Amino acid sequence: MHEFVRNLLTEWRKLRLPFENETFVVAVSGGADSVSLAVALDDLKKRGKLNLRFVVAHFNHDLRGEESERDAEFV
């Protein structure tokens with residue numbers, strides 16, 4: 001397991017967040033940080049560490065023109 005994923009699971013436990021039967025909305029901008037979070041959560045779900053439903057959400061503020069459009073399409 002990648003160190004980032006392991007650290008995320010550790011923090012999840014420290015915050016006493018649920019491990020099953022809940023739905024979480026994950027805000028993803030298209031940048032490296034939020035995409036990494038989404039990938040890490042997917043990894044934890046696939047490994048059976050989290051039995052949760054994740055919904056990825058993106059809102060295009062259109063602050064960077066075409067680059068904003070590319071981020072929206074990517075997400």
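Which exposed residues does the face of helix 1 turned away from its buried side carry? They are E3 and K14. The views below show a predicted model, in which local features need pLDDT of at least 70 and side-chain atom pairs count only at pLDDT 80 or more, while totals for chains, interfaces and linings use all residues. Residues are numbered from 1 along each chain as its sequence is written, and side-chain values use heavy atoms, with hydrogens and water left out.

**View 1. The two faces of helix 1 (residues 3-14).** Helices (H or I, at least four residues) and strands (E, at least two) are DSSP runs, numbered from the N terminus. V5, L8, L9 and W12 are the buried residues of helix 1. Seen down the helix axis, these buried residues fall within an arc of 95 degrees, so they line one face of helix 1; the arc is that of the directions from the helix axis to the C-beta atoms. Buried means under 20% relative accessible area, exposed over 50%, and partly exposed in between (1.4 Å probe, protein chains only). The buried residues of helix 1 pack against strand 1 (20-27), helix 2 (32-46) and strand 2, where contact means heavy atoms within 4.5 Å. The end C-alpha atoms of helix 1 are 16 Å apart, which agrees with the 16 Å that its 12 residues should span at 1.5 Å a residue. The expected span is 1.5 Å times one less than the number of residues.

**View 2. Salt bridges within helix 1 and helix 2.** A salt bridge is a side-chain nitrogen of Lys or Arg within 4 Å of a carboxyl oxygen of Asp or Glu; the structure holds six. In helix 1, E11 pairs with K14, with the closest N and O atoms 3.4 Å apart. E11 and K14 are three residues apart, about one turn of the helix. E11 is partly exposed at 40% relative accessible area, and K14 is exposed at 59%. In helix 2, the closest N and O atoms of K46 and D42 are 3.0 Å apart, and the two residues are separated by four places, again about one turn. K46 is exposed at 67%, whereas D42 is partly exposed at 37%. An α-helix has 3.6 residues a turn, so residues three or four places apart point the same way.

**View 3. A network of salt bridges links R64, E67 and D71.** Within the network, the side chains of E67 and R64 meet at 3.0 Å, N to O. Both are partly exposed: E67 has 39% relative accessibility and R64 has 43%.

**View 4. Positive phi at R16 and N21.** Most residues other than glycine have a negative phi. R16 has a phi near 55 degrees and sits in the loop between helix 1 and strand 1. The relative accessible area of R16 is 76%, so this residue is exposed. N21 has a phi near 60 degrees and lies in strand 1. N21 is also exposed, at 63%.

**View 5. A nonpolar surface patch of V56, F74 and V75.** Together these residues have about 280 Å² of accessible area. Accessible areas come from the Shrake-Rupley method with a 1.4 Å probe, and for residues only the protein chains shown count as cover. Patches are made of residues with over 30% relative accessible area and no salt bridge; like charges are joined within 9 Å, and nonpolar side chains (Val, Leu, Ile, Met, Phe, Trp, Tyr) within 5 Å. V56 belongs to strand 2 (residues 51-57) and is partly exposed, at 47%.
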